[in-house]
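What follows is a guided reading of one protein chain, meant to be followed with the coordinates open alongside the text.

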Amino acid sequence: MEKIDRQQGVAIPLDRSNVDTDAIIPKQFLTSIKRTGFGQNLFDEWRYEDYGVPGADCSTRPLKKDFVLNDPRYKGASIMLARKNFGCGSSREHAAWAIHQYGIRVVIAPSFGDIYFQNSQKNGLLSVVLKEEEVDKLFEAASQATPVEIVVDLGEQTVSTADGSQKYHFEIDPFRKHCLMNGLDDVGLTLTKADQIKAFEKVHRERFP
């Protein structure tokens with residue numbers, strides 16, 4: 001899993017509440033047995049004029065010009081701002097994979113769907129909870145003609161604007177913070193105990209040959 005410590009850049013202001021995982025990555029893309037390639041289909045039904053199918057070349061598909069991901073101001077953005085209850089719905093990890101593979105490393109919202117929240121943290125995607133009024137102010141900064149860059153510092157647990165006009169503190173579980181900053185998913189955590197596992201296996205084989 002890719003480490004995350006400090007992220008700075010333009011933030012995509014997705015001004016919608018109750019965004020569910022079916023909108024984040026539509027159902028037809030869940031048939032893939034791979035864990036890669038979902039970024040181009042992030043918000044597929046909101047992003048493109050036509051119907052998306054797995055494996056299709058998205059570079060020539062017609063875009064919906066009024067959707068925020070298609071706004072040139074937010075090209076290359078690595079942070080997303082969202083409204084309350086982001087990621088509600090079913091327990092698919094594909095939603096977190098699609099956001100991460102699009103290039104987003106941090107999503108900031110007043111609240112998240114519980115299962116999505118857990119999935120995101122386990123897949124190297126930082127979900128930051130701030131107060132609604134704080135998110136409102138960040139939306140204002142991100143929606144300007146020339147968007148103000150946002151800085152997310154996981155070590156300090158702060159979200160601020162690059163111009164210094166806003167700064168907010170967020171809470172995060174210490175264990176999840178450690179995993180994100182060290183790039184440890186469930187497999188990585190297991191491998192940190194590799195020596196103990198080998199020692200146990202050696203003793204176990206000797207006792208039960």
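Arginine 83 is a useful place to begin: in this predicted model its relative accessible area is 18%, and because the limit for a buried residue is under 20%, arginine 83 counts as buried. Its side chain meets that of aspartate 136 in a salt bridge, with 2.6 Å between N and O. The two partners come from distant parts of the chain, since arginine 83 lies in the loop between β3 and α3 whereas aspartate 136 belongs to helix α5 (residues 132-142), 53 residues apart. Aspartate 136, with a relative accessible area of 34%, is partly exposed. Salt bridges with shared partners extend this contact into one network made up of Asp15, Arg83 and Asp136.

The structure counts eight salt bridges. Another of them joins glutamate 2 to arginine 105, at 3.3 Å from N to O, and this pair again links distant parts of the chain, with glutamate 2 in the segment before β1 and arginine 105 in the loop between α3 and β4, 103 residues apart. The surroundings of the two side chains can be told apart by their accessibility: glutamate 2 is partly exposed at 47%, while arginine 105 is buried at 8%. A further salt bridge connects arginine 73 with aspartate 71, whose closest N and O atoms are 2.8 Å apart, and here arginine 73 is partly exposed, with a relative accessible area of 33%.

The loop between β3 and α3 also contributes to the aromatic contacts. The structure holds eight aromatic pairs, and in one of them the ring centres of phenylalanine 86 and phenylalanine 112 are 6.2 Å apart with the planes at 90 degrees, so the arrangement is edge-to-face. Phenylalanine 86 sits in the loop between β3 (79-81) and α3, and phenylalanine 112 in the loop between β4 and α4, so that the pair ties together parts 26 residues apart in sequence. Both rings belong to buried residues, phenylalanine 86 having a relative accessible area of 0% and phenylalanine 112 one of 9%. Phenylalanine 86 forms a further edge-to-face pair with tyrosine 116, at 5.5 Å centre to centre and with 80 degrees between the planes. Because tyrosine 116 lies in helix α4 and phenylalanine 86 in the loop between β3 and α3, this second pair ties together parts that are 30 residues apart in sequence. Tyrosine 116 is likewise buried, with a relative accessible area of 2%, and ring pairs link Phe86, Phe112, Tyr116 and Phe117 into a cluster.

Aromatic rings also meet charged side chains in this model. Arginine 16 lies over the face of tryptophan 46, at 4.0 Å from the ring centre, and arginine 61 lies over the face of tyrosine 48, at 3.8 Å from the ring centre.

How is helix α3 placed relative to the rest of the structure? Seven of the nine residues of α3 (residues 94-102) are buried, so the helix is largely enclosed by its surroundings. The buried residues are His94, Ala95, Ala96, Trp97, Ala98, Ile99 and His100, and they pack against α1 (21-24), β4 (106-109) and α4 (114-122). After the helix comes glycine 103, which has a positive phi near 120 degrees.

Strand β4, one of the elements that α3 packs against, takes part in an open sheet of four strands in the order β2-β3-β4-β5, with parallel pairing. The edges are formed by β2 (11-13) and β5 (126-129), each of which has a single partner strand, so one side of each is left without a neighbour in the sheet. From one strand to the next the twist averages 20 degrees. Four bridges pair β4 with β5 in the parallel sense, and valine 107 has serine 127 in β5 as its bridge partner.

A sheet with antiparallel pairing is also present, an open one in which four strands follow the order β1-β6-β7-β8. Here β1 (6-9) and β8 (167-169) stand at the edges, and because each has a single partner strand, one side of each is left without a neighbour in the sheet. The twist in this sheet averages 10 degrees from one strand to the next. Strand β1 is joined to the antiparallel strand β6 (residues 150-153) by four bridges, with glutamine 7 standing opposite valine 152 in β6.

Conventions:
Residues are numbered from 1 along each chain as its sequence is written. This is a predicted model: local features need pLDDT of at least 70, side-chain atom pairs count only at pLDDT 80 or more; totals for chains, interfaces and linings use all residues. Side-chain values use heavy atoms; hydrogens and water are left out. Buried means under 20% relative accessible area, exposed over 50%, partly exposed in between (1.4 Å probe, protein chains only). Helices (H or I, at least four residues) and strands (E, at least two) are DSSP runs, numbered from the N terminus. Contact means heavy atoms within 4.5 Å. Two strands pair if DSSP finds at least two bridges between them. Axes are lines fitted to C-alpha atoms, for helices over the stretch in contact, and angles run from 0 to 180 degrees between N-to-C directions. Rings of Phe, Tyr and Trp (its six-membered ring) pair if their centres lie within 6.5 Å; planes under 30 degrees apart count as stacked, over 60 as edge-to-face and the rest as tilted. A charge sits over a ring if NZ of Lys or CZ of Arg is within 6 Å of the ring centre and within 35 degrees of the ring normal. A salt bridge is a side-chain nitrogen of Lys or Arg within 4 Å of a carboxyl oxygen of Asp or Glu.
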